[in-house]
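Here is a quick tour of one protein chain, starting with a salt bridge and working outwards from there. Have the model open beside you as you read.

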Amino acid sequence: MLDIHLSVWLISAAVVLGLVIFDFYAHVRTPHAPTFKESAIWSAVYIALAIIFGIVFLIVVGPEHGGEFFAGYITEKSLSVDNLFVFLLIMTSFRVPRENQQKVLLVGVALALVMRTAFILLGAAALNAWSWVFYLFGAILLWTAWKQVKPETEHEDKVPGGAVVALFKKVVPTVDEYNSDRLTVKKNGKRFLTPMFLVMVAIGFTDLLFALDSIPAIYGLTQEPYVVFMANALALLGLRQLYFLIGGLLDRLVYLAQGLGVILAFIGFKLIFHAMHVNELSFINGGKHIEWAPEIGIATSLTVIIGTLAVVTVASLWKTRRDAERGILDSDGRPDLPEPDRADEPAVAAADAAVAEKPGGSSQAHES
């Protein structure tokens, strides 16, 4: 185990907090939709910070723990990309104006950092106290891997956090209209919560669910709490910029879910093998360690993770390009839907008019 002094923990946490505060005052305080150039530059900055930290960490503590950091960082970054699909669904459902989406994402990052830090400390304590927790973490990852790869028709078509928000709205007075990026608004002497607050509740609830998957995943690569914390923090810090940078490319990564399923399943089996190797459960092998259980090294883990992501990227881009050539997708990688039949134009126009008359159904709402 690494002996990380408390001062190193405090300095690291202060730097992470400082970066979040800097991000707010430099980019988020004034609502605006970031350009592609701005998102690309700051995404590169945060990735460079992670690489620099990883190299310095590797030099100071050695290649084993340095490799664990890079494996954990790559895994958490990959899971973050998958999480962007869910964030996009939430933003669309709540019709968050594009210029206000940065604030929602930054609050989501801050909430995720707080909750994941708590999960990291709890996870470390549990693993130190009970070796059987490795079995539990492995089972969680195998179940998550199955959910990733099962057919889309079996997924529930619900907005994450929707039930929590619905319950919240029953208890607390809310309004349906945005007021810039304000969280509350005063009407007739009474204070109401705006949709900005509600979407942050949904993001926060979703971050909590993500932590249940990501923390066991990285503990399958390293049992060092400091490595887990830094890999999570550095992966999350660039999430806001990544959202705007690759938002238009998400539809092209058609095999991302399957690739993450493979990675999570691999880490899940790795955890179960480790649990068998340190087994203390009396009903398994009489409470004795299972010596034949393999211990998968960090080099193997890095190879599997990077190799899987490379295959996923190449296969996804090949499929979207082939489908575009066959007319299944448009040039942006989205389904190429046929134009409505001229005979149906009056019905289509009437349907559009009916939608426009509903609250929130205007073209402006759809554009946001």
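Let's start with K187, which forms a salt bridge with E177, the closest N and O atoms being 3.5 Å apart. K187 sits in strand β1 (residues 184-187) and E177 in the loop between α6 (162-171) and β1, so the pair ties together parts that are 10 residues apart in sequence. A salt bridge here is a side-chain nitrogen of Lys or Arg within 4 Å of a carboxyl oxygen of Asp or Glu. K187 counts as partly exposed because its relative accessibility is 38%, and E177 is partly exposed too, with a relative accessible area of 47%. For those labels, buried means under 20% relative accessible area, exposed means over 50%, and partly exposed is what lies in between (1.4 Å probe, protein chains only).

Some ground rules before going on. This is a predicted model, in which local features need pLDDT of at least 70 and side-chain atom pairs count only at pLDDT 80 or more, while totals for chains, interfaces and linings use all residues. Residues are numbered from 1 along each chain as its sequence is written, and side-chain values use heavy atoms, with hydrogens and water left out.

**The chain as a whole**

The protein chain has 13 helices and two strands. Helices (H or I, at least four residues) and strands (E, at least two) are DSSP runs, numbered from the N terminus. Of the 368 residues in the chain, 43% are buried. The accessible surface comes to about 19500 Å², and carbon and sulfur atoms own 65% of that; areas come from the Shrake-Rupley method with a 1.4 Å probe, and for residues only the protein chains shown count as cover. Take the contacts (heavy atoms within 4.5 Å) between residues at least 6 apart in sequence: 75% of them join residues at least 24 apart.

**More salt bridges**

The count comes to four salt bridges, and the table lists some of them, including the one we opened with.

| Pair | N to O distance |
|---|---|
| R116 and E76 | 3.3 Å |
| K187 and E177 | 3.5 Å |
| K319 and D323 | 2.8 Å |

R116 in helix α4 and E76 in helix α3 (residues 63-93) are 40 residues apart, and their salt bridge links distant parts of the chain. Are these two residues buried or exposed? Both R116 and E76 are buried. K319 and D323 share helix α11 (residues 298-325), where they lie four residues apart, about one turn of the helix. K319 is partly exposed at 23% relative accessibility, whereas D323, at 5%, counts as buried.

**How helices pack**

Two packed helices are described by the angle between their axes and the distance between the axes. In this model the axes are lines fitted to C-alpha atoms, for helices over the stretch in contact, and angles run from 0 to 180 degrees between N-to-C directions. Angles under 35 degrees count as roughly parallel, over 145 as roughly antiparallel, 65 to 115 as roughly perpendicular and the rest as oblique.

Helix α1 (residues 6-28) and helix α8 (residues 225-237) pack at about 10 degrees with their axes 11 Å apart, and are therefore roughly parallel to each other. On the α1 side, V8, W9, S12, A13, V16, L19, V20 and D23 meet P225, Y226, F229, M230, A233 and L237 of α8.

Helix α4 (residues 101-129) and helix α9 (residues 239-246) have axes that come within 9 Å and cross at roughly 140 degrees, which makes α4 oblique to α9. Q101, Q102, L105, L106 and V109 of α4 make the contact with L239, R240, Y243 and F244 of α9.

F244 turns up again around S39, a residue of helix α2. Leaving out residues up to four places away in sequence, S39 touches P34, Q241, F244 and L245. S39 is buried, with a relative accessible area of 3%.

**A greasy face and two odd phi values**

I47, also in helix α2 (residues 36-61), belongs to a nonpolar surface patch with I51, I52, I55, V56, L58, I59 and V60, and together they have about 720 Å² of accessible area. Patches are made of residues with over 30% relative accessible area and no salt bridge, joining like charges within 9 Å and nonpolar side chains (Val, Leu, Ile, Met, Phe, Trp, Tyr) within 5 Å. I47 is partly exposed at 34% relative accessibility.

Most residues other than glycine have a negative phi. R95, though, has a positive phi near 50 degrees; R95 is placed in the loop between α3 and α4. N188 also has a positive phi, near 50 degrees, and is found in the loop between β1 and β2 (190-193). R95 is partly exposed at 35% relative accessibility, while N188 is exposed, with a relative accessible area of 85%.
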